[in-house]
Amino acid sequence: MSKSSLAIVTGGTGAIGTAICAALHADGHSVAAIGHPSEAEKIDTWRNGLAFEAHVYLADLADFEATTACLASIEAELGQAAVVVNAAGITRDAPLKKMDAQAWRAVMGANLDSVFNVTRPLITAMIENAHGRIINIASINGQKGQFGQTNYSAAKAGMHGFTMALAQEVAKHGITVNTVSPGYIDSPMIRAVPEPIRDNILSGIPAGRFGTPEDIARVVAFLAAPESGYLTGANIPVNGGQFMH
Ligand code: CAA
């Protein structure tokens, strides 16, 4: 384990985020989960349901100033982060001909601006500490596109562009930057897809099942390990064989 073992997980109170917090905690990290302010009333229930201790913060990660203030509180209370997992994300699905600017901006803000807003304030200390693990949770739909998701597919593809560029900038500082691209994971986000469409998606997954949040967390924990220092700039698909390239 590195000097600092703090892991920050954005979207840490969501289905995939919670599993990531658990896996990183099991590997010896202290964990700070960042959720959205709209979740304030649910946080105690979330925390009480955990089998491990997690610190929880709330911030609108689409807002740079709010994010910077939140990260400053985390550093003051828990120290500097060795690992950041950008897992915050939302969908606002609609065909482009029906998509309004609000649905576009909301998805770009929560899914892509958040990656800059979180990573930018943390990168200086990681460079000074000569260690860091940055893991961006994108999506199969950023790799292949998805009917009804011009916003989400663009944001998720953008996350991997960010990964590849930053990986080159910080490799010599002992920092790795990778993308994990989940397929369809059993979660509220997938359950919101109309059932006939969901059944059709399931029939196209060679593994014959939706993924579990733990399927994603396992890969994140591997990338977060101090020993995983020579794997950087990659986009790792975890999708049950639904899309290969
Ligand atoms: N490919 C081609 N055509 C499609 C299609 C597809 N995948 N899906 C729908 N269509 C067609 C329909 O057959 C229909 O055709 P007709 O007009 O000829 O009848 C037409 O498109 C429907 O268009 P509408 O304008 O009526 O669309 P809508 O307003 O009803 O909503 C939608 C469309 C909201 C995008 C809906 O199709 C949908 O929810 N799709 C699922 C999108 C999806 O997979 N989201 C993933 C969410 S989970 C996630 O994002 C996590 C992750 O990372 C994987």
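Biologist: Which residue of strand S4 is the bridge partner of Leu6?

Modeller: That's Ala81. By the way, this is a predicted model, so local features need pLDDT of at least 70 and side-chain atom pairs count only at pLDDT 80 or more, while totals for chains, interfaces and linings use all residues. Residues are numbered from 1 along each chain as its sequence is written, and side-chain values use heavy atoms, leaving out hydrogens and water.

Biologist: How do you know that S1 and S4 pair?

Modeller: Two strands pair if DSSP finds at least two bridges between them. S1 and S4 (residues 81-86) have five, in the parallel sense, so by that rule they pair. Strands here are DSSP runs of E, at least two residues, and helices are runs of H or I, at least four, both numbered from the N terminus. S1 is also joined to S2 (residues 30-35) by five bridges, again parallel, and Ala7 has Val31 as its partner there.

Biologist: What makes S1 largely enclosed?

Modeller: Buried means under 20% relative accessible area, exposed over 50%, and partly exposed in between, using a 1.4 Å probe and protein chains only. Five of the five residues of S1 (residues 6-10) are buried, so the rest of the structure largely encloses the strand. In a regular strand, side chains alternate between the two faces of the sheet. Here both faces are covered: Leu6, Ile8 and Thr10 are buried on one side, Ala7 and Val9 on the other.

Biologist: Why is Arg105 called exposed?

Modeller: Its relative accessible area is 59%, and the cut-off is over 50%, so the label fits. You'll find Arg105 in helix H4 (residues 101-129).

Biologist: What makes the Ser139 side chain's approach to the ligand a polar contact?

Modeller: A polar contact is a pair of N or O atoms within 3.5 Å; within protein, one must be able to donate a hydrogen and the other to accept it, and residues adjacent in sequence count only if both atoms are side-chain atoms. An N or O atom in the Ser139 side chain is 2.6 Å from a ligand oxygen, so that pair qualifies. For Gln146, the distance to a ligand oxygen is 3.4 Å, so that one is within the limit too. And a polar side-chain atom of Asp93 lies 2.8 Å from a ligand nitrogen.
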